[in-house]
Amino acid sequence: MSTNSNKIIFYMGEETKPIIEEDIKESIFKDKIERAIDLVKEDIERNKKSEDSQNCNKNDDRLKEYDNNIIAFIGDRGSGKTSCMLTVREQLRREQLKKDFNISIHTMDSIDPSYFDDRNNIIELLISMICKDIEETISDHDKCKKIDKEDIHKIKGQLQNLKGYLRYLDKEKNKFDEGDELEDLASLGSAQYIKNTLKELIDIYLDIKDKKHLLICIDDIDLNNAQAYKLVEQIRKYLIIPNATILMAFKMEQLSDVIKIQLTNDFNVLLNKNATYTKNINEMTERYLTKLFPLKRRIYMDLEDDFFGRELEIWESHEKKKKEKISGTVSNVIPELIFNRTRYVFYNSLGAMSLIIPRNLRALRMLVALLTSMEEDTETSYIYADKEEKSRQNRNREKFRHYLFETYTESFPTEYKNIANSLIAEKDLSQLNKETISLLKIQGLIGQEKSEAGTSNIQDKTEEYSTMKQIIDDRNATYNVSLADCFYILDYIERTKYDLDTKKLIFFIKSLYSVRLYDCYCSMIDGDDKEKGNRFTTDYGNLSEINRMQQLIGGAYFNIDENTIIPPNKNGKRRDLRLIDGEVINKDISDIIKKYKVSNAPEERVSNSTEYSDKVNSEKTVSFKKIEDENDARKLQILEFAMLTTSKYIETKDAGNDIKRYNHRLRTEVYYNRNLTEVGNILFDISSIFFNLLDVERCYRRFNNDIFKFTVGEPRSLYYQLVSNMTEDEEEKINEKYSEEGDKKEEAKRKLLMSKVCIRNSEFVNVFFKWMRERREKVGKQAYGNDLIDFTEAFFRKQEFTGKEEKDKSLEYISTINSALKPISDCLSKGRNNENAKNLFGDIFSSNEMTVEEFFQKNDWEKDYNITTVIKKYNKYRVHSGKKELADKEKSELRTKLKENIVEGTNERVHFNFYIAVLKTFDSEH
């Protein structure tokens, strides 16, 4: 790694070794390196003054207590502390710096404590390094002439004396023979003697090297857990001497733990008697480290604030000047590289970087090396990619998955790593959402919140906890817990838990979802997501007919229970989430199919029918006439829109006045795949369209077996227009790829629609949801009228981004989805101006806003109705208007009121106005 102006340059191949910088002017460690050099200068100057003082007062014993000479480079693994320390050593070797000092420095090779054990220690290693260097100097004839023979004799004498005392270095008192007082006395004096002799030895050694100061580098002393305390003690006792400076690189937390363990063992007896003595151990450790590593001599290796904002360049090597095409700031290059190589998307949010970007240099360089080693992507969208391009993308994604699943989780606490491993191992995508929630619940991250009274806060008192209570219910069917539910919980944890480990866990889970979503998307494009068996089975609870993407999503991308994305009406009733009339939908679908369906007429089969339609037609010939009537065309489009925005069936008795009280997750059937052909109360959720468009055939077949086949070949259908909504470039690419394959071309068009609307990244789920919520008021202002159809049309209306999407990848995706859904806006816009279509829209979507009189007028009063039927229909009206059905007592009360003033034998139809008056009064009172 090197720097140039405000650039950071990474050279491939250097990611596994320390980087020694020659020019520190623009180094990211510039301030740290200069500070370390200044501290060395201070040591040299202090030593010089100490020598002068000693010459004036040779008998001053106080001078034996030397000033601290350790410079500590402190940081986590991979933070660059070793590179910084070695760069300091290299700078001190450079001639121009030596002249600045007016004194010469001798720098030794780094000492690696990992080789130390009970038989080898740092003092013996230092002495052996000095001896080896002296021998090499003596063997050099030219250098030997300059050496004073008296110095050589002094060194040999000092070494001989040291050898005798070094045997006491690791001896414990209980290892000496009892009664050997002379041995004990020799041991007591050995420490001071070793220190003084070592100083004298270094002085002579420096004279031989024609230097004045020794620089000793010790790297990662904390990694040798078994010997770390002993090594630190040896440095404290013997190497704090004035003619040397020690550079040490280590992680403070780990060294602190080693010392605590040693002190705990030393004071074990006291700890057994008084457990509170642990506090004293912590204080002793802190004082020990503060004295050994004074604060002013500590250099912390935190990256500067501007590091991730600097421009990053990636080169193949120093010699081969081949540069990575992608460039930009560090925080932008990493997500861009990941996307370029794998198509996985990670976003930086405003004011915060994505947690996929490593926060230490080594991990950052390792990730860059991994990504640049992957084959470059041609930037071809997966749907247009050929077999070779898809194979390349798949290989790259496999490499990145190994990084995310293995390397990224290495730093997780054990309990969080177990959660990650369990989720990675889960291959049944229909169970992933509930398993994620269950594991987080077991870990205590949800469901354990307590109020001041000590009771759980997860109650029905607030919308948030009411929703959460339903989501974390252990009785929920695994396949009915959605991605929206899972993300609701993840977002809650993000808002309430602030520690870094939990934030990284939540980020990892969402990243895992991004991987699974994109891989499922690729399977959908490749056609590998279909289970074996008859696709047209009538068992709508069977997961085998549901593609893997929809199994993973579980029915919903978004939970809009508590977040409106279209403004409510003046009465506060929601326009984006409401009960609608399934009976009206099913009746009108049945009518239109009967009108245009032609059986046993193979010559009239639609020319562009799907493979699915061909399969059914091979069993039973079915075709449809083309729609020529404008009213029928608008009617079909409104019905299709209703099917695409239908989320689920709501049981009448559970609906009440609050849709959220109905917990569909408890159902035994797959709730989003339930047969809806004979149900009345279904839930309109405008956000469910993004899920249903992933498999329109499955969506339509919930209502009618023939409707999808009809819309595939009907040019005026909403689905046909969605599929045909292509740019010139998109159409050209499909025509080029399938020039002579008509059926595959039509299938490619349908896959293209799915590709454009498919949300296949977990971070984009949040981005898109946020965008929809932020547009809420804008939708209200853009509506051309006050009817629901006006607001719905405004929601789907194409937005202009004025080029912003070119700079913002998320806006690019939003723009793509928005453009793909333009036919829906067109359909609703034309429906607004068609009286029949507008009435149908009102019948389906707005029946819960009707008055009692309007409801009864729309429900066929051509027949005679008795009081029982009136009460039954009134109950239906109450459900549609969001009220509870009548209890038996209320039914009896209403029956009594309706019977008043009824003339026996008179046709019930005569009493319509009387009934309405009674019902209106009764409704206002109940």
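The following legends describe close-up views of a predicted model.

**View 1. Strand 2 pairs with strand 8 in parallel**. Strand 2 covers residues 7–11, and strand 8 covers residues 311–315. The two strands are joined by five bridges. Phe10 has Ile314 of strand 8 opposite it, and Tyr11 faces Trp315 of the same strand. Strand 2 is mostly covered, with four of its five residues buried. Strand 8 also has four buried residues out of five, so the rest of the structure largely encloses it. Strands of a sheet pair through backbone hydrogen bonds, in either a parallel or an antiparallel manner.

**View 2. Strand 8 also pairs with strand 9, in antiparallel fashion**. Strand 9 consists of residues 328–329. Two bridges connect strand 9 to strand 8. Within strand 9, Thr329 is the bridge partner of Glu311.

**View 3. Five strands form an open sheet with parallel pairing**. The order of the strands across this sheet is 4-5-6-3-7. Strand 4 (105–107) and strand 7 (298–300) stand at the edges. Each of these edge strands has a single partner strand, so one side of each is left without a neighbour in the sheet. On average, neighbouring strands of the sheet are turned by 20 degrees against each other, when direction is ignored.

**View 4. Strand 5 and strand 6 run parallel**. Strand 5 comprises residues 213–219, and strand 6 comprises residues 244–250. Six bridges hold this pair of strands together in the pairing pattern. Ile218 has Met248, in strand 6, as its bridge partner.

**View 5. Asp210 has a positive phi in a loop before strand 5**. The phi of Asp210 is about 60 degrees, although the residue is not a glycine. Asp210 belongs to the loop between helix 7 (181–208) and strand 5. The relative accessible area of Asp210 is 63%, which is over the 50% cut-off, so the residue counts as exposed.

**View 6. Arg343 is a buried loop residue with a positive phi**. Its phi is near 70 degrees, and Arg343 is a residue other than glycine. The loop that holds Arg343 lies between helix 12 (330–342) and helix 13. With a relative accessibility of 12%, Arg343 falls under the 20% limit and therefore counts as buried.

**View 7. Glu51 of helix 1 and Pro242 are distant along the chain but separated by 9.1 Å in space**. Helix 1 spans residues 30–56 and includes Glu51. Glu51 and Pro242 are 191 residues apart along the chain, and the distance of 9.1 Å is that between their C-alpha atoms. Glu51 has a relative accessibility of 40% and so counts as partly exposed.

**View 8. The second largest pocket has a lining of 39 residues**. The volume of this pocket is about 1300 Å³. Arg77, Arg359, Asn360, Ala363 and Lys504 are the lining residues nearest the centre of the pocket. At least two lining residues come from each of helix 9 (252–266), helix 13 (361–373), helix 14 (387–407) and helix 19 (500–526). Helix 13 contributes the most, with seven residues. By type, the lining of this pocket contains 20 nonpolar, six polar and 13 charged residues.

**View 9. The largest cavity has a volume of about 230 Å³**. In the whole structure, a search finds ten cavities of 30 Å³ or more. The largest cavity is lined by 20 residues, and Asn559, Asp561, Lys648, His664 and Arg665 are the closest to its centre. Helix 18 (483–496), strand 13 (646–649) and strand 14 (681–685) each give two or more residues to this lining. The lining of the largest cavity is made up of nine nonpolar, five polar and six charged residues. Empty space of this kind is revealed by rolling a probe the size of a water molecule over the atoms.

**View 10. Helix 34 is a helix of twelve residues**. Helix 34 covers residues 809–820 and reaches 17 Å from its first C-alpha to its last. This span is close to the 16 Å expected at 1.5 Å a residue. The buried residues of helix 34 are Ser810, Leu811, Ile814, Ser815, Ile817, Asn818 and Ala820.

Note on methods:
Residues are numbered from 1 along each chain as its sequence is written. This is a predicted model: local features need pLDDT of at least 70, side-chain atom pairs count only at pLDDT 80 or more; totals for chains, interfaces and linings use all residues. Side-chain values use heavy atoms; hydrogens and water are left out. Buried means under 20% relative accessible area, exposed over 50%, partly exposed in between (1.4 Å probe, protein chains only). Two strands pair if DSSP finds at least two bridges between them. Axes are lines fitted to C-alpha atoms, for helices over the stretch in contact, and angles run from 0 to 180 degrees between N-to-C directions. On a 1 Å grid over the protein atoms alone, a cavity is a set of points where a 1.4 Å probe fits but cannot get out, and a pocket is an open set with protein on both sides within 12 Å along at least five of seven lines; lining residues have an atom within 4 Å of a point. Grid points are joined across faces, edges and corners, and a volume is the space filled by probe spheres set on the points. Ala, Val, Leu, Ile, Met, Phe, Trp, Tyr, Cys and Pro count as nonpolar, Asp, Glu, Lys and Arg as charged, and the others, Gly among them, as polar. The expected span of a helix is 1.5 Å times one less than its number of residues.
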